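Welcome! Please take a moment to look over the sequence and the 3D structure before reading on.

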Amino acid sequence: FFAVSGVTETLFSIGAGNLLIANTHECDFPKKAVSLSKIGSYLYPNIEKILSLRPSLVIASQDNNQDSLLTLKETKTELFILKIKFGENRSKKTGVS
C-alpha cells in the first residue's frame with residue numbers, strides 16, 4: 001500500500017521495487033509498478049485486499065484516510081507512516097515517523 005506514487009517511484013529507483021507486492025491505482029511509474037496488485041486508491045484503500053496480501057509492512061502517508069490507517073493499526077499490521085511536507089517552493093519534503 002503506497003499512499004503517494006512518488007514512494008513507489010523512489011523504492012524502484014533505489015533497487016527495492018522487487019520487494020513491493022502492491023500499490024495504489026495512482027502508482028503508474030515506473031512501468032513495472034503498473035503490474036503490481038492494486039489495493040484501491042490513495043484516499044480509499046481496500047483494507048480487505050491489503051490484508052489478503054499479508055504484507056510484512058504497509059507504507060502509508062499521514063494524509064491517507066485516517067479510518068483506514070486506524071483499521072490497519074487495529075489488525076496489528078506493521079505500518080510505516082510518511083510525513084510529507086511542502087516547502088516554500090512547493091517541492092515535496094519527506095520525513096518518516
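The report below moves from the overall layout to the cores, one helix and a few backbone details.

## The overall layout

The model shown here is predicted. The protein holds 4 helices and 5 strands. Starting at the N terminus, you will meet these elements in the order α-β-α-β-α-β-α-β-β.

How much of the protein counts as buried? The share is 39% of its 97 residues. The protein exposes about 6,200 Å², and carbon and sulfur atoms supply 53% of that area. Looking at contacts with a separation of 6 or more, 22% of them are between residues 24 or more positions apart.

## The nonpolar cores

In soluble globular proteins, nonpolar side chains tend to be buried together. Here, the largest nonpolar core has 10 residues: Val7, Leu11, Phe12, Ala16, Leu20, Ala33, Leu36, Ile59, Leu82 and Ile84. Two elements, α1 (5-13) and β4 (79-86), each give two or more residues to this core. Helix α1 gives the most, with 3 residues.

Apart from this core lies another one, made of 8 residues. Among them are Ala22, Ile39, Val58 and Ile81.

## Helix α4 and its two sides

Helix α4 covers residues 66-74, and its buried residues are Ser68, Leu69 and Leu72. Why do these buried residues line one face of the helix? Seen down the axis of α4, they fall within an arc of 100°, so they share one face. A general rule of helix geometry is useful here: an α-helix has 3.6 residues a turn, so residues three or four places apart point the same way.

On the other side of α4, Asp67 and Glu74 are exposed. The start of this helix has a contact to look for as well: a side-chain oxygen of Asn65 comes to within 2.9 Å of the backbone nitrogen of Asp67. After α4 comes Lys76, a residue with a positive phi.

## Backbone details in the loops

Most residues other than glycine have a negative phi, and most peptide bonds are trans. With that in mind, look at Lys76, which is not a glycine yet has a positive phi of about 65°. Lys76 sits in the loop between α4 and β4. Is Lys76 buried or exposed? Its relative accessibility is 73%, so Lys76 counts as exposed.

Arg54 is also worth finding: it is not a glycine, and its phi is positive, about 50°. You can locate Arg54 in the loop between α3 (47-52) and β3 (58-61). Arg54 is exposed, because its relative accessible area is 72%, and the cut-off for exposed is over 50%.

## A cis bond and a pair of residues

Which peptide bond is cis, with omega near 0°? That is the bond from Phe29 to Pro30. Pro30 belongs to the loop between β1 (22-23) and α2 (31-34).

Pro30 can also be viewed together with Thr10. These residues are 20 positions apart in sequence, and their C-alpha atoms are 9.7 Å apart in space. Thr10 is part of helix α1. With a relative accessibility of 43%, Thr10 counts as partly exposed, because partly exposed is the range between the cut-offs of 20% and 50%.

Terms used
Residues numbered from 1 in each chain as written. Predicted model: local features only at pLDDT ≥ 70, side-chain atom pairs only at ≥ 80, totals over all residues. Heavy atoms only, no water. Buried < 20%, exposed > 50% of the residue type's maximum accessible area, 1.4 Å probe, protein only. Arc of directions from axis to C-beta. Polar contact = N/O pair within 3.5 Å; in protein donor to acceptor, adjacent residues only side chain to side chain. Core = buried A, V, L, I, M, F, W, Y, C linked by side-chain atoms within 4.5 Å. Contact = heavy atoms within 4.5 Å. Areas by Shrake-Rupley, 256 points an atom, 1.4 Å probe, with all protein chains shown as cover.
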